[in-house]
Amino acid sequence: MTSLADNQAAPSLAEGDQLTVDGLLLRVSASTRRKRFALTVESDASLTLHAPVGSPSAEAQDFVRAHRKWLLSKRGVRERTRPLNPAKRLIEGEVFRYLGRTYRLTVSDDVSTDGRVRLIAGRLILGRAEAGDSSRGRVALVDWYVRTGRSWAAGRLQPWAARMGVSEPVLDVCDLGQRWGSYRPAGEVPGTGRMSLGWPLFQLPMHLVDYVIAHELAHVKVPGHRADYWRLLGQALPEYEDRRMELDELGRRMWMGEIV
């Protein structure tokens, strides 16, 4: 990883670089698909500069300086809304959420040999062996969210893609850290592109999962978050701003996998 400090900048930017501009540290995300600079403030308040591969670092620094006020404002919001994600215990009666509803955990000896979690009669059934080992228990629960989330989202993808007039990408549910979703275009992955959804997303109410699906599908047609991106999303989901704010508030309270 290369660090590009003020007045000591390397001539061009590459994926994984770090850029320091007037005391602001930014991670560089470089793509051959990108045509212009963009900035994001991540959920942990870190800063990312999105840049075309090989962009002059001097131009990148000028871009960051021109948007410094916006960055500081957005970072302040992120810091005020930092995640309050609770840890979970693998004990009888612990509460887990799925699509906005709550389900209590049952620790049982009567489970299949594969150790998979199952939802039966409104209870999440976890094997006693998995409950006694935090690592195994976490893996089993995350696997359940991945399986059930993928099955549910698969039925939502085609209607949203049709509504937005975009091709349907390959769907993946996995661990994306603090991100709810991502999209990689066909030029970066085989086939028609890949939309990934983070497994914790499926704790949220259905309308917020739909928002994230629509949000990522808009990137099939429009990279980045320019005005035409938000126009496309707004045509398919006029209330997207309300859903985005609700996601920011509820999302910071969801379980992200920590076991105590």
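## Reading strands and salt bridges

Me: I would like to begin with strand E10. How many bridges join E10 to strand E12, and do the two run parallel or antiparallel?

Reply: Five bridges join strand E10 (residues 170-174) to strand E12 (residues 194-198), and the two run parallel. Keep in mind that this is a predicted model. For one point of register, look at Val170, which stands opposite Arg194 in E12.

Me: Which residues of E10 are on the covered face, and which are on the uncovered one?

Reply: Leu171 and Val173 make up the covered face of E10. Val170, Asp172 and Cys174 are on the uncovered face.

Me: Now for charges. How many salt bridges does a search of the whole structure find?

Reply: The search finds 14 salt bridges. The test is a distance: a side-chain nitrogen of Lys or Arg must be within 4 Å of a carboxyl oxygen of Asp or Glu. Take Asp62 and Arg65 as a case: their closest N and O atoms are 3.8 Å apart, and they form a salt bridge.

Me: Where do Asp62 and Arg65 lie?

Reply: Both are in helix H1 (residues 57-66), three residues apart, which is about one turn of the helix. As for the surface, Arg65 counts as partly exposed because its relative accessibility is 34%.

Me: What about Arg123: with which residue does it form a salt bridge?

Reply: Its partner is Glu92, and the closest N and O atoms of the pair are 3.5 Å apart. Arg123 belongs to strand E9 (residues 123-127), while Glu92 sits in the loop between helix H2 (68-80) and strand E6 (95-98), so this pair ties together parts that are 31 residues apart in sequence.

Me: Why does Arg123 count as partly exposed?

Reply: Because its relative accessibility is 29%, and the partly exposed class runs between 20% and 50%. Glu92 also counts as partly exposed, because its value is 47%.

Me: And which residue forms a salt bridge with Arg128?

Reply: That is Asp109, with the closest N and O atoms 2.9 Å apart. The pair links distant parts of the chain, 19 residues apart: Arg128 is in helix H3 (residues 128-131), and Asp109 is in the loop between strand E7 (101-108) and strand E8 (118-120). Arg128 is partly exposed, with a relative accessible area of 44%, whereas Asp109 is exposed at 61%.

Me: Which residues are joined into one network by salt bridges that share partners?

Reply: Asp22, Asp62 and Arg65 are joined in this way. You have already met two of them, Asp62 and Arg65, as a pair in helix H1.

Conventions: Residues numbered from 1 in each chain as written. Predicted model: local features only at pLDDT ≥ 70, side-chain atom pairs only at ≥ 80, totals over all residues. Heavy atoms only, no water. Helix = DSSP H or I, 4+ residues; strand = E, 2+ residues; numbered from the N terminus. Buried < 20%, exposed > 50% of the residue type's maximum accessible area, 1.4 Å probe, protein only. Pairing = 2+ DSSP bridges.
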